[in-house]
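Colleague: I would like a close look at one part of this model. Please take a single helix and work outwards from there.

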Amino acid sequence: MDRRHFLKGSLIGLGVVAFPSFAIAKSSSSYGHVVIIGAGFGGATAAKYLRMWSEGRVKVTLIEPRPQFISCPTSNQVFSGAMNMQGITHSYDHLRDSSGIRMIQGIASRIDSDRRTVEVNGERISYDRLIIATGIDFDYSNLPTLTPELQATVIPHAWKAGPQTALLKKQLESMPEGGVVAITIPPVPYRCPPGPYERACQIAFYLKQHKPRSKLLILDANPAITSKRPLFERAWKDLYADIIEYQPSSAIENLNVKTLSVKTTFDTHKVDVLNLIPPQTASRLALDTGLGSQGRPWCKVNYLNYESSNISGIHVLGDSVDTSLPKSAHVATSEAKVCAAAIIAELSGEAMDQQPVFANTCYSFVDDKQAMHVASVYRYDPKDRDMHAAPGGGVSAAPSLEEGLQAGIWAKNIWADVLS
Amino acid sequence: MMSFSHIIKAPLLSTLTILMAIWMPLTANAEESGTHIRTLASSCATCHGGQPTNETVIPSLAGLDEDYFINKMKDYRSSDKEHDVMVQHAKGLTETEIEQLAALFAKQVRACPYFRKHPIKKSLE
């Protein structure tokens, strides 16, 4: 009999009584301490569900450099004007206060996996389990002229929502009528597979309303649209035929940062606004900690608890994971829930779920009101220890107003799930 | 780490029997359904919301009648509307998972924003 069952049994057997909040408060550190780095969709969800499902018995410290949560999902709509920066920015206050999480604003460093410590703001913190949910980083190694300063002021990626989103929005507004905007799309895998194509729709919608003689050039390193392909092709043809030009297999080979000239495999284009979405890797912190897979800049994990295949006691969630699962917000939150349940089970000496299953739904807007989705259930297969899409998954027949409404509620509900 | 004896001793001093009676069944329910279904249900709640924020576009699942949920999911599973989001999800689940989800959602208390504000709530308390 484990400790938890013994405790409950003894209380019932003795006919004793307990004041629940008292019991929870008094036992708040009884299962151990989990430190989470990164309070995006994955990290914040893990923090909340570790506290909730352990009934306060797991102590949680959440480290995040940003003072507020800024959502990547729906951030593309900032470019069409259907959303604004305020609408994608949310407070961490409720999550911190209602869940009893210690939240530290700072950048984590010096992970010592032998001593199980991590440093932040000069403080060394001990952990029983560490969760790294620090998302993606960018690989600019093929573009040496694109300095961090230029990335921040002239050539935004806008692939982490925040100041970059506001910068690209401002550049679109400042661009003269008849100008050329280019979006470059990195090779897979990258965060949010349909994201670049949704962004193209949102920028094209803005141009159609305000600068209809302008062009949007999509330079895709991939041989074809990587997600919802027939739906995006149809949307571009129906809605933006005079604006969008799509070029597949067009990786950037060279870049003149002064003239904004982009050289691809086939052509050179001089543009007015350049949204360069760079090739991506797991976060630098995860890779520097030694969590990268052999020959791949992503982190292999055990799908039963999201523990790193390389280092015990460290779990990796969300977009850093080396996986065929889509790098979406819904998947990150579902992984976080599987991870939280498994950590609680392990710390309390119980068995963890041996066949996790969860859902993914992802909406893309094609204009200011109409959206379309991709949806699937993913199920663990003990034979190859991998997650696989279950039969039945698929995409919308066409974009619709109804799915646009669903996408709006989806965003509100996932924000509430993560942050309240 | 908190010592085990502290947790045991402290409640002995307490006499709040009613609160204990309320607390224990809630805990037991969560354990009956298991972490597998609890985690899956929470993945559903990502879109559907833990509690109602909008009932017309994406309905909340908390407090749904068990048979209603099962029948609805069976309809989705046998539907040929292959582009419908719920048909796509329902076909990916097993019948056992659907029955266990139905039982879990039926046990969840549905908070009604209108009811919460309405004066009748006070008279029922």
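Modeller: Here is helix 10 of chain A, followed by its surroundings.

This is a predicted model: local features need pLDDT of at least 70, side-chain atom pairs count only at pLDDT 80 or more, and totals for chains, interfaces and linings use all residues. Residues are numbered from 1 along each chain as its sequence is written, and chains are lettered from A and ligands numbered from 1 in the order in which they are written.

Helix 10 of chain A covers residues 229-240. Helices are DSSP runs of H or I with at least four residues, strands are runs of E with at least two, and both are numbered from the N terminus. Does the length fit, or what span should we expect? At 1.5 Å a residue, the 12 residues should span 16 Å. The expected span is 1.5 Å times one less than the number of residues. The end C-alpha atoms of helix 10 of chain A are 15 Å apart, which agrees.

Now its buried side. L231(A), F232(A), A235(A), W236(A) and Y240(A) are buried. Buried means 20 or more other C-beta atoms within 10 Å of the residue's own; exposed means 12 or fewer; partly exposed lies in between; C-beta atoms are placed from the backbone. Seen down the axis of helix 10 of chain A, the buried residues fall within an arc of 130°, so they line one face. The arc is that of the directions from the helix axis to the C-beta atoms. An α-helix has 3.6 residues a turn, so residues three or four places apart point the same way.

On the other side of helix 10 of chain A, P230(A), K237(A) and D238(A) are exposed.

What covers the buried residues? The cover includes helix 9 (195-210), strand 13 (244-247), strand 25 (371-381) and strand 27 (394-395) of chain A. Contact here means C-beta atoms, placed from the backbone, within 7 Å.

A record speaks to part of chain A too. The UniProt annotation "domain: Flavocytochrome c sulphide dehydrogenase flavin-binding", from an unreviewed entry, covers residues 355-419 of chain A. Such annotations may be inferred rather than shown by experiment; feature names are shortened and positions follow the numbering used here. That stretch of chain A is 29% helix and 40% strand, with end C-alpha atoms 27 Å apart.

Stepping back, chain A is divided into domain 1 (31-137 + 281-355) and domain 2 (140-278). Those bounds come from an automatic or database domain assignment. The C-alpha centres of the two domains lie 30 Å apart. Their contact takes 17 residues from domain 1 of chain A and 18 residues from domain 2 of chain A.

Key
Contact = placed C-beta atoms within 7 Å.
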